[in-house]
Every structure is written in structure tokens, then in C-alpha cells.
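Welcome! Take a moment to look at the structure below, and then let us walk through a few of its details together.

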Amino acid sequence: MAGAMVVGPSSYPPQMMANQQVAIINPQFCSPYPVDLNIVRKLMTLSEGAFGVTDVNGNIVFKVKGKLFSLRDRRVLLDAAGNPIVTFQQKILSAHRRWQVYRGESTDSKDFLFSVKKSSLLQFKTKLDVFLAHNTKEDVCDFRIEGSWFERSCVIYAGNTSTIVAQMHRKHTVQSILLGKDNFGVTVYPNVDYAFIVALLVILEEINEDRSGDD
């Protein structure tokens, strides 16, 4: 994972986004073309691996495993071979449901990549702010997620601009209904780190599925 570029909208103006790689996790996950992925979440399951991410041909690209009964909510994003890419961890006693993301299976501060939190406590529609590790002041977010999770429709933007880096939409199939699976697609725009986008969508799911109160 060494040599990954950390490039965010706070570093480059929107007009450069089309040509500049946005490699938050690793440049290997950046494509010069749009990338379409399918994310399948198994419903009514307590097993690990409730998430699977495939390409348009049905090949596994990523898997998500969780630590079900750990003190902190933790998830690990794995590649198709089972290698850990990033670890998500919910920050304890965070009013805004903040999740922190680290490289590999680490939770060490030196491997910290970015954090995601609700932009406000009371929300009728989903709005999350994403801050990269170098953005310690957090005056302006590096990315933001807006949309309706209930409808599985959301857009990921660069910072506070109108520059779109990815879009998610629900997919209704007979298979998904019969097999008890929640199936949604995501289009990641060219030169944008698609592992980063998948990580954001997993956190989006966790934040919206958390109905335990207002800690």
C-alpha cells in the first residue's frame, strides 16, 4: 500500500478533478474510466461478510467483514483475495456518529486515512461530511454525501462543490427480493478511488442502520 497519493478537493480546484487522480486509499483503485459496481447486503443475517461488492460481470471485488460483538463497532474492507484494505471504527461517544478509517487492519494514528460524520444531529435526508487525515481543522469537508438512504439514492461530491465523484442507486431484482438481499449499484467517476467510495457507502449504511439512540 506504500506510495498511495492522498489527494483531496481541498488540494485541487474542481476543474482539475477530471484529470487529477483522487487516490485516498491507493492509486491502484483509480480507473481512467467510470467504474460500475454492485453492492449486495444480505438481510436478516448475523454472520460476517454481510456485504459483497462485485463488478458488472459478477466477479467479487471487495468483501466486508465485521466484528459483531466488539466494544467498538469495527468493519474491515477486504479485496477479492481476502487481504485487508482498510479498517472502519466507530468513535465512542461521538454525537455525530463519527467513523474513523485506517489503512489495513490497523487502528494506529499513523495509519489514519479519513473520518466520516453526520453534518448535523437532526437530519431528514442523509448528509455526511468526510475529512481527510491532513484536514485537522475540519473547517471545510473534503467530500460530502447527500441523498436518501431509504431510497438507496445518494451522490458523493468533492468538498462543498457541485463536482460529483460517485452516485449510488437502488437496484430492484427478483433475485434480491426472493433471496432477502438489498442490492444497489454505484457508479464511480473516472480517476476516483473506488475502494474509497465503497468504504464511504459501507459507513453510510452503518450510520443509517444504527437506530440505537443519540449517543
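This report looks at some aromatic rings, a hairpin and a few polar side chains. Keep in mind that the model is predicted.

**Aromatic rings**

Let us begin with the rings. How many aromatic pairs does a search of the whole structure find? The search turns up 6. One pair to look at is F29 with Y194: the ring centres are 5.7 Å apart and the planes stand at 75 degrees, so this pair is edge-to-face. The angle matters here because planes over 60 degrees apart count as edge-to-face. Both the distance of the centres and the angle of the planes are used to describe a pair of aromatic rings.

Where do these two partners sit along the chain? F29 belongs to the segment before β1 (35-42), while Y194 is in helix α2 (residues 194-209). With their positions 165 residues apart, the pair links distant parts of the chain. Are the two residues buried or exposed? F29 is buried, and Y194 is buried as well. F62 joins them, and F29, F62 and Y194 form one aromatic cluster.

**Polar side chains before β1**

The segment before β1 also holds N26 and S31. N26 has a relative accessible area of 8%, so this residue is buried. S31 is buried too, because its relative accessibility of 16% is under the 20% cut-off. Each of their side chains reaches a backbone nitrogen, as the table shows.

| Side chain | Backbone nitrogen reached | Distance |
|---|---|---|
| N26 | Q28 | 3.0 Å |
| S31 | Y33 | 3.1 Å |

Which residues does S31 contact, leaving aside its neighbours within four places in sequence? They are P190 and N191. S31 can also be compared with D193: the two are 162 residues apart in sequence, yet their C-alpha atoms are 7.7 Å apart in space.

**A hairpin and a charge over a ring**

Now turn to strands β10 (residues 153-158) and β11 (residues 164-170). They run antiparallel and are joined by 4 bridges. Y157 has I164 in β11 as its bridge partner. The hairpin of β10 and β11 has 5 residues between the strands, and G159 takes a positive phi near 55 degrees there.

Y157 has another partner to look for. Which residue lies over the face of its ring? The answer is R144, at 4.2 Å from the ring centre of Y157. To finish, try finding Y157 in the structure, then trace from its ring to R144 and from its place in the hairpin to I164.

Methods: Residues numbered from 1 in each chain as written. Predicted model: local features only at pLDDT ≥ 70, side-chain atom pairs only at ≥ 80, totals over all residues. Heavy atoms only, no water. Phe/Tyr/Trp six-rings, centres within 6.5 Å; stacked < 30°, edge-to-face > 60°. Helix = DSSP H or I, 4+ residues; strand = E, 2+ residues; numbered from the N terminus. Buried < 20%, exposed > 50% of the residue type's maximum accessible area, 1.4 Å probe, protein only. Lys NZ or Arg CZ within 6 Å of the ring centre and 35° of its normal. Pairing = 2+ DSSP bridges. Polar contact = N/O pair within 3.5 Å; in protein donor to acceptor, adjacent residues only side chain to side chain. Contact = heavy atoms within 4.5 Å.
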